[in-house]
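Here are my notes on the structure you sent. They are set out as numbered points, to be read with the structure open.

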Amino acid sequence: MAATTTAVDIRSERAKARRESRAVLFRKPGFIIGLAILAMWAVFAVAGQAITPYDPFNDFAKGHLPPNPEHLFGTDRLGRDVLSRVMIGARDVLIVAPLAAILGVTAGSLLGLIMGYYRGIVDDLVSRVVEAFLSLPVILVALLTLVVLGSSTLVVVLVVGILFTPIVARTVRAAVQTERQLDYVTAAKLRGESGLYIMAREIFPNVLGPIVVELTVRFGYAIFTVATLSFLGVGIQPPSPDWGLSVSEEYTNMISGKWWPTLFPALAIASCVVAINLIADALQSVSSE
Amino acid sequence: MTAVPVRDAAPPAPSSAAALKVEDLELAYLVRGIPRPVLRGVSFEIRPGESYGLVGESGCGKSTTAYAAVRYLPRNARITGGRILVNGDDIVKKSGDELRRFRMHHASMVYQDPGAALNPTTKIGPQVIEAFTVLGQQGDQAEASALAALRRVQIADPERVLTRYPHQLSGGMQQRVVIAMALASDPQLLVLDEPTTGLDATVEASVLDLVRGLISETSSAVLLIAHNLGVIRTMCDRVGVMYAGKIVEEGDAARVFERPRHPYSVGLLQALPRHGVRKSQRPLATIPGTLPQIGTPLPTCVYVDRCPLATDLCREVVPPVVEVGPGQWSRCHHVDRIGEIQAPQPGTGQAVTAHDELTLEMANVSKTFRSSGHDVPALVGVDLQMFDGETLGLVGESGSGKSTLARTILGIEGPDAGSQITLGDHDLGAVATQRPSRDKRQIQMVFQNPDSALNRGWSVRNILGRSVSKLTGLRGKEVDARVDRLAESLRLTQRHLDLKPRQLSGGLKQRVAIARAFAGDPRIVVADEPTSALDVSVQAAILNVLAELQAESRTSYLLISHDLGVVRYLADRIAVMYLGRIQEVADAEKIFQGPNHPYTEALLSAVPSIDGEERTRIRLDGEVPSPANPPSGCVFHTRCPRRIDGLCEVTEPPLAEVEPGHLMKCHIPLEELRRLQAERKPLVVEEQTVGPIDAV
Amino acid sequence: MIRWLLRRLVLSLITLWLLATIVFVIANVLPNDVGRTILGPFAPQESVDALNAKLGTDDPLPEQYVRALRNLVTFDFGNSFQSGRPVIPLIVAAIGRSGLLAAYALLLTIPIAIAAGLFAGRRRDRPADRAIVLAGLTLSSIPEFVIGTFLVVVVGVQLRLLPVLATPPPNASIVDLARFLAMPALAMAIVYFGYIARMTRAGTIEVLESDYIRTATMKGLTTGQTMRRHVLRNALVPTVAVIGVQIGYLFGGIIGVEKIFNYNGMGQLMLFAAQRKDIPVLTAGVIVIGIVYMAATLAADLIIAWMNPRARAESGR
């Protein structure tokens with residue numbers, strides 16, 4: 001009887017702790033705003049043509065109509081409705097960016113765990129390669145690789161994910177190195193645990209917090225990177241209404257005053273990355289509290 | 001049961017003008033916008049030239065009081081009531097610029113961790129000189145003052161020190177520099193917050209000597225915070241005992257330490273291993289319960305929930321301030337019943353379990369680290385034995401190799417080739433991974449800091465269960481049964497088992513860590529400073545538990561501690577280390593009686609005593625030499641006050657048995673040492689019991 | 001100190017070798033026909049073969065790899081596949097123009113960002129601090145080309161304050177140059193503002209909470225004296241490190257900015273070279289950008305060692 005009450009108490013205590021940290025998160029205005037913006041783009045991307053005012057692909061009006069009551073954001077060079085295209089422009093990037101972030105964070109965490117735990121030769125060798133990768137801007141290496149491999153969705157995910165790996169690995173490695181100096185690791189060694197067990201069962205749960213934060217941060221950078229690559233012509237390919245791609249197709253027309261097919265997708269990119277960074281910032285401050 | 005909110009009368013005030021007068025100070029910390037009271041009406045005063053100590057366990061508010069006295073408080077602190085008068089001036093009301101002038105001219109502070117108190121990117125010179133230029137002195141004059149200030153704190157070669165960066169000085173030197181700066185303005189109020197915590201015993205002793213000398217020269221009022229009651233006793237004229245944000249007893253230091261008259265003071269002092277008490281005599285007294293959470297409303301007596309004398313009266317009426325002796329008062333309804341609180345009776349201690357059956361033998365164990373191309377020997381030719389069921393205490397200052405020795409036994413560090421460690425009948429593998437699980441099971445460890453030693457992601461049950469199954473090979477229900485038994489013997493409840501470490505108090509966490517070490521019935525448990533992260537009352541309970549477990553299981557302990565009271569309580573034999581070498585080994589009582597190796601002698605005399613006995617301090621000159629470059633001959637000769645010139649710096653003495661069971665590494669014959677150390681008073685003081693009040 | 005420098009140089013050389021290898025691997029992961037790419041799909045096969053033989057792109061991979069490494073050692077990367085001109089002068093000219101732009105951007109952003117960071121750190125959690133933190137976070141998370149777009153639309157097209165294209169006439173005066181490069185420099189400066197300001201703020205907060213600031217306060221120093229003598233130097237150490245790294249990464253964001261503003265720098269050069277599989281230009285470009293990164297971080301570390309004697313002592317070991 002007493003034992004059951006206690007168990008219930010503890011369960012409810014833990015649930016309370018979880019609820020409390022969630023409540024703290026939801027008290028942060030940045031987190032709510034970020035979540036709302038992201039949710040909006042996700043809904044638009046999923047609902048797609050069901051809610052856009054015009055067919056974003058095949059409804060050709062007069063080209064480069066300025067914003068007007070019928071076309072609130074105007075039309076692009078081919079006469080397609082800019083608003084409709086911006087609304088569903090998140091489709092590709094919202095698939096590519098999270099996948100790339102997940103790939104990079106998973107691979108980077110594994111690598112970081114191994115580097116941080118085993119130090120010595122393994123760490124030295126891998127660190128060298130990681131350093132070499134880190135000495136180049138991600139965009140530049142991604143550009144090179146995508147030009148060689150050709151840009152398909154899968155390749156963009158792979159390339160961005162792999163290029164994020166060393167960055168994540170460095171962060172996780174630092175966290176693991178802090179952990180492995182704690183005495184519970186020594187205690188585990190003293191009772192004869194294997195390195196694999198210590199990494200997976202003892203250390204990993206304690207570095208999960210920073211890894212989750214890293215995941216949101218990487219998600220933001222993935223959108224940043226994919227948008228830039230699309231703008232450079234090696235990311236998401238036509239006829240996608242992707243924002244970065246739209247800017248790339250239309251930016252030369254800005255000089256002649258036709259700014260709307262460029263500005264609105266650019267604003268959409270900005271809103272999306274800012275939203276994710278607001279979420280990441282809130283998570284970070286909650287997990288460090 | 002309604003509490004009667006009575007504003008307590010101000011305690012009887014010592015007459016004459018006070019340099020610092022704190023009146024009914026109330027202070028709260030804002031935690032997520034909600035004020036949590038930390039100080040609940042603190043009142044005391046310090047006269048010019050007087051030194052006043054605040055004692056109490058962590059969280060009692062003593063540091064907050066000290067920082068409030070100079071109004072250097074965290075951003076979320078709010079003074080919600082009371083006054084702080086320095087020379088009659090209320091500093092609570094001061095504006096920013098007035099406060100700056102007040103700190104410039106009238107108040108100074110010295111803190112723990114002198115390394116952090118100095119700007120790491122600026123040389124000592126500008127930092128010390130600045131303390132004088134800010135007072136209006138000009139270039140050359142300020143520099144001359146700085147040099148004089150460094151000389152005043154007995155820094156040799158101050159010109160050279162001025163050109164150094166802080167990290168190039170030792171901890172003791174850094175603290176001297178901080179003290180020199182603090183005294184620059186000849187302040188009326190000098191606040192010392194744990195000024196010697198973290199320094200080695202011999203360095204601590206010399207810094208304390210220095211501070212005592214300096215404050216006797218000035219007319220500063222000194223407020224001293226220290227968790228080490230010995231430091232308070234040797235430094236302070238009067239003390240205040242704090243609990244949960246209130247001073248519960250105050251009086252002349254010697255009187256309070258010898259005749260405490262508040263149940264909390266009594267509990268605190270009885271919990272200390274003092275007066276040479278040993279585990280074979282009696283358990284240490286403990287205080288039941290835990291400190292109230294910060295911000296708990298405590299409308300009447302703050303100590304009521306843990307007090308053995310508490311009655312309904314204590315819950316209903318605020319206790320009065322009762323004068324219990326000349327200048328001594330206590331905030332208690334029941335000062336007349338104080339004598340009822342008794343330490344456990346002599347004769348209730350644990351049976352002696354030490355036997356002469358050898359458990360572990362170390363022969364010629366050395367460990368050399370390599371650091372940027374240099375060999376740094378941490379252990380040099382250590383020969384040491386541990387016997388069945390005994391506690392071997394290991395003492396020595398930081399860098400003496402105590403921890404390395406422990407880590408070598410555990411197999412965390414592999415010793416150099418040629419070293420031999422024998423467990424029972426067979427040699428041990430150099431590192432733990434090479435040892436069969438049978439051997440791993442035999443040697444386990446209790447760490448200093450339970451927060452670091454317990455995986456914060458695991459429940460207590462998982463922590464213990466994994467150790468049990470890994471070390472004993474048990475499975476399923478048998479593991480659960482053993483975990484339950486372990487928990488029971490450490491007085492952990494089923495409820496505790498389901499919690500995560502952060503949900504437990506420090507004492508409970510250390511119990512979990514001890515339970516884990518005992519999971520596989522080890523023959524040897526290494527305990528590296530097992531109580532130094534804990535408060536006094538918690539320490540007592542942990543020491544009792546360790547003694548009990550040893551009596552039950554006949555496990556041998558290797559106990560590392562800088563606290564000689566703790567070592568004396570628990571250890572059967574003591575080994576003294578210096579620069580990676582064993583200097584002396586003997587039975588614990590032998591070590592405390594002497595005659596000793598000159599290093600042991602200095603170490604023992606450096607400890608500030610809470611029992612107030614007068615001792616001749618053996619001062620050690622110079623710094624501990626670098627292990628990378630040890631002195632020739634006897635490694636202690638550079639600091640040894642009894643060095644024989646022409647011999648000690650040339651020849652290293654052997655570790656020889658100078659009398660049965662007493663090994664020493666010294667050229668001076670035992671009888672000569674006995675004669676030289678004869679004037680030293682014996683360290684055994686008869687234990688006193690608390691008597692009735694004799695003077696009111 | 002000397003030992004530390006030597007070690008750093010050796011490590012840098014290893015990194016350069018790894019970089020050359022990485023580029024070589026990327027360029028050769030897929031069997032691609034350089035001759036065909038250059039000459040186009042309709043050129044006769046004989047011409048393609050002849051071109052490949054001339055460029056050496058049909059040699060066995062190990063041979064090509066050894067040649068790539070020899071190029072690295074002699075710092076001669078041959079001629080551009082595309083224009084046939086030597087690579088190094090091309091790169092030197094481009095990096096000069098990009099360097100000018102980058103220096104302009106840093107000049108704009110560093111003083112303001114540091115000032116903002118110090119200001120925010122001192123007013124931690126007050127409205128001014130929240131505003132700076134939020135602005136920094138927002139601005140640094142938006143891609144450079146997007147900021148560039150906003151600038152063009154608002155400042156260039158709507159307000160007509162600054163020229164839209166960053167193509168100054170030859171022999172332009174320094175004032176003209178500053179006008180023509182203002183927008184692209186601003187686009188980059190805005191992104192870096194966030195990184196630098198946030199790092200300075202964090203450094204300031206950490207220092208303000210340190211014990212030695214308490215010592216300074218207890219001496220009775222004024223806030224200004226404390227900031228100048230004790231806060232500044234210590235708080236800027238992490239900022240210097242971040243600036244060092246960001247200088248290396250400038251060459252990522254600069255590609256988008258140069259494209260928007262049609263500025264003939266390193267970014268455009270690399271973009272065109274990538275599109276045309278101009279391997280010598282790409283290899284040399286990557287190596288040079290890697291060298292810039294390493295030089296920038298080394299310079300940052302040296303400055304940090306000068307600022308912080310403890311770091312100096314540690315790196316000396």
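1. In this predicted model, B:G53 of strand β3 in chain B has B:V239 as its bridge partner in β9(B). The strand β9 covers residues 238–243 of chain B, and β3(B) pairs with it in the parallel sense, over 4 bridges.

2. A second partner of β3(B) is strand β8, residues 221–225 of chain B; here too the pairing is parallel and runs over 4 bridges. For B:Y52, the bridge partner in β8(B) is B:L223.

3. Is β3(B) mostly covered or mostly open? Strand β3 spans residues 51–55 of chain B, and 5 of its 5 residues are buried, which leaves the strand mostly covered. A residue is called buried here if 20 or more other C-beta atoms lie within 10 Å of its own. Burial applies to both faces of β3(B). On one side are B:S51, B:G53 and B:V55; on the other are B:Y52 and B:L54. The residues named above for their bridges, B:G53 and B:Y52, therefore sit on opposite sides of the strand, each of them buried by the criterion of 20 or more C-beta atoms.

4. Chain B also has an open sheet of 4 strands, in the order β2-β1-β4-β5, with antiparallel pairing. The edges are taken by β2 (34–46) and β5 (89–90) of chain B; each has a single partner strand, so one side of each has no neighbour in the sheet.

5. Within that sheet, β1 (residues 20–31) and β4 (residues 77–86) of chain B pair in the antiparallel sense over 8 bridges. One position to check by eye is B:L20, which stands opposite B:V86 in β4(B).

6. Which helix lies across β1, β2 and β4 of chain B? It is α1 of chain B, residues 62–69, and the helix runs at about 115° to β1(B).

7. Chain C has 14 helices and 0 strands. Read from the N terminus, the order of elements in chain C is α-α-α-α-α-α-α-α-α-α-α-α-α-α.

8. On dimensions, the C-alpha atoms of chain C fill a box of roughly 85 × 60 × 35 Å along the principal axes. Chain C has 317 residues, of which 43% count as buried. Among the contacts in chain C with a separation of 6 or more, 71% are between residues 24 or more positions apart.

Definitions and conventions. Residues numbered from 1 in each chain as written. Chains lettered and ligands numbered in written order. Predicted model: local features only at pLDDT ≥ 70, side-chain atom pairs only at ≥ 80, totals over all residues. Buried ≥ 20, exposed ≤ 12 C-beta atoms within 10 Å, placed from the backbone. Helix = DSSP H or I, 4+ residues; strand = E, 2+ residues; numbered from the N terminus. Pairing = 2+ DSSP bridges. Contact = placed C-beta atoms within 7 Å. Axes fitted to C-alpha atoms, helices over the stretch in contact; angles between N-to-C directions.
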